[in-house]
Amino acid sequence: RLSGHAVYSATPHSARSTSRSPTAVMDEYAASVATLVGMLGIDAGQAGTLLQNAGGNIEAAASEYFYMMEEGGGTDGETDGASTDMDEDEDMAMAMAPPPTMARPTAKRPKLEARPAPRLGLDAAGLAALQAGFALSAAPADGADALHRAVRDRTQSYAHGDERGLRYLQHCWERQQPQLQQASAAAAAAFGREVALHHARQALLSGAAEEDGLSLYGDSGESDLVGLLKASAAAAPFVTAVATSLSLAEQESVYGPALESLLRRLDPYSGGAVVDVSFSPSSSSSSGGGGGGWRAVLAEAELLLGLGAAAGGGPLKPLPHGVAARAVLVRRLDEESGRLRSGEWTGREAEGLGVLRLLSPSPAGLTGYGMAAPAPGGGGWHHEDRAVLEGGWEEVWQLQSRQRVLLTAALFKDPAAKAAALRWLGAVLAANGANADGGKQQSPQEAMRARQSCSSDGALLSAAAVLLQLCGPFLTPTALRDGKGHDGFARLDWRWHERERRREAAWSARRRRPQ
């Protein structure tokens with residue numbers, strides 16, 4: 001199909017030597033065309049054109065093909081006018097432009113079986129005790145439908161101010177405690193507690209506190225469970241009792257939306273608030289576009305997950321009223337790990353829709369995906385600004401330390417939760433590999449496109465700082481042997497590998513020395 005001139009032009013100078021026959025030249029050219037066809041998946045005509053334009057050099061022909069594909073053109077010498085007219089600045093702007101806002105998936109609540117309401121036949125004295133315990137205007141006619149109707153109406157009544165909803169049910173549950181010590185009233189008191197727990201479950205599972213305008217704390221964006229715990233430390237036993245009475249599916253329905261509501265306040269991608277870290281604690285405590293600052297949001301996370309200090313003070317530790325919330329968090333980490341490992345989620349989804357939002361608060365300028373972090377000490381700031389920047393550095397360190405304490409208390413005290421957390425961290429790091437490989441790209445545009453699928457630099461820097469703080473026991477071994485804490489890490493030293501390398505080098509040199 002090709003003329004002799006085309007063959008001659010597409011053959012390198014070495015192949016046009018008078019010592020080679022035309023048959024050998026044709027065979028070499030056909031082999032080059034076949035190589036390009038197999039490499040690029042194009043037809044023989046396109047491969048021949050590329051070889052002719054490249055002077056017979058296969059590598060140059062392949063590079064020309066990829067270049068034209070990048071520019072939006074074809075292999076016949078014609079290119080798309082829109083692509084050729086775009087200058088470098090416009091191309092860079094398109095590469096740096098953020099993708100569309102991520103759509104948050106609709107939460108699917110597991111199907112729940114309705115529980116029957118507790119019932120008990122009581123005499124007049126027992127009904128009077130229930131009237132006092134539930135602060136009813138009149139004694140119920142029975143310990144069944146009439147009682148539950150009266151309690152439901154009282155729970156939803158605005159006539160008593162803030163004494164409604166979960167707070168009212170908490171006080172009803174507490175008022176039964178003294179009666180449990182009296183033999184004559186113990187049965188009615190135990191039944192009263194079951195009634196209070198039943199209506200608390202109903203309120204949490206039906207979403208009545210949020211959907212029917214009964215939320216006492218809805219204006220601040222926090223869940224009613226968190227608001228109840230924040231209002232009084234005495235609510236912890238009641239929340240523990242409610243959480244213990246929930247089934248596995250009920251735990252997901254109650255704590256799943258509460259956890260998502262909390263993460264949404266840290267959400268940088270799918271329409272939620274963005275909590276920035278300012279240069280001073282006073283600014284961070286009041287900034288965040290309605291988020292209340294990172295201190296307020298992380299304090300809410302500690303309440304929801306049941307993390308608190310002992311009565312005498314000290315570090316955070318997991319408390320009983322957060323067992324169900326922490327179990328829901330662990331199951332969510334396992335689910336996200338599977339999505340990240342399978343490729344269903346990228347690093348961007350991990351932060352935009354996942355638990356990685358706990359690490360999203362960051363200094364202004366680091367919240368956008370695909371944006372490189374400024375390099376401290378690299379000439380990006382003036383020496384006279386050091387006094388201001390030092391305050392910001394201290395604030396970031398406090399944030400990252402608080403995040404590490406929260407994750408350690410919530411996930412690293414239980415072996416199963418610790419294993420799930422480590423799997424999740426590994427999956428997050430693997431999904432953000434393009435962030436580390438960004439510097440290897442051929443052009444800034446390619447580097448920007450590669451980083452579009454990654455989490456923000458702010459979240460990744462916080463994750464790296466948290467991991468480094470967790471490695472502290474390995475880096476600062478102690479000679480103390482008391483069997484507590486990090487005693488088992490005392491013999492680990494990061495300098496061991498360097499010493500072994502030097503010892504091996506010295507031994508090899510000694511063996512090569514002539515005897």
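This report walks through a predicted model of a protein chain, from its overall make-up to a few individual residues.

## The chain as a whole

Let's start with the broad view. The protein chain has 515 residues, and 39% of them count as buried. Its secondary structure comprises 26 helices and 4 strands.

How do contacts spread along the sequence? Taking contacts between residues at least 6 apart in sequence, 62% join residues at least 24 apart.

## Two nonpolar cores

The largest nonpolar core has 74 residues, and the members that touch the most other members are F134, F238, Y255 and L411. A second core, separate from that one, has 12 residues, with V33, L50, A61 and A62 among them.

F134 is a good place to pause. Leaving out residues up to four places away in sequence, F134 touches V151, R154, Y168, C172, R175, Q176, G192, V195 and A196. Two of these names, Y168 and C172, come up again in the next section, as buried residues of helix α9.

## Helix α9 and what surrounds it

Helix α9 spans residues 165-175, and its buried residues are G165, L166, Y168, L169, Q170, C172 and W173. Which helices help to cover them? The cover includes α7 (124-133), α8 (145-155), α10 (177-180), α11 (186-206), α13 (224-231) and α14 (235-244).

Some spacing in that list is worth a look. In an α-helix there are 3.6 residues a turn, so residues three or four places apart point the same way. Within α9, the buried residues include G165, L169 and W173, as well as Y168 and C172.

W173 also has a charged partner: R193 lies over the face of its ring, at 3.8 Å from the ring centre. As for pairs of aromatic rings, a search of the whole structure finds 1.

## T155, at a helix neighbour

T155 is in helix α8, one of the helices that cover the buried residues of α9. Is T155 buried or exposed? T155 counts as buried because its relative accessible area is 10%, under the 20% cut-off.

Apart from neighbours within four places in sequence, T155 is in contact with R164, G165, Y168 and L169. Of these, G165, Y168 and L169 are among the buried residues of α9. The side chain of T155 also has a polar atom 2.7 Å from the backbone oxygen of V151, and V151 is one of the residues that F134 touches.

## Cysteines

How many disulfides does the structure hold? The count is 0. Two cysteines can still be placed: C172 is buried, at a relative accessible area of 0%, and C454 is likewise buried, with 0% relative accessibility.

## A135, a loop residue

A135 sits in the loop between α7 and α8. The phi angle of A135 is near 55 degrees, a positive value in a residue that is not glycine. With a relative accessible area of 37%, A135 is partly exposed.

## R341, an exposed helix residue

Further along the chain, R341 lies in helix α18, which covers residues 323-342. R341 counts as exposed because its relative accessible area is 55%, over the 50% cut-off.

Which residues does R341 touch? Not counting residues up to four places away in sequence, they are R423, G426, A427 and A430. From R341 to V428, the separation is 87 residues in sequence and 8.8 Å in space, C-alpha to C-alpha.

Technical notes: Residues numbered from 1 in each chain as written. Predicted model: local features only at pLDDT ≥ 70, side-chain atom pairs only at ≥ 80, totals over all residues. Heavy atoms only, no water. Core = buried A, V, L, I, M, F, W, Y, C linked by side-chain atoms within 4.5 Å. Buried < 20%, exposed > 50% of the residue type's maximum accessible area, 1.4 Å probe, protein only. Contact = heavy atoms within 4.5 Å. Phe/Tyr/Trp six-rings, centres within 6.5 Å; stacked < 30°, edge-to-face > 60°. Lys NZ or Arg CZ within 6 Å of the ring centre and 35° of its normal. Disulfide = S-S within 2.5 Å. Helix = DSSP H or I, 4+ residues; strand = E, 2+ residues; numbered from the N terminus. Polar contact = N/O pair within 3.5 Å; in protein donor to acceptor, adjacent residues only side chain to side chain.
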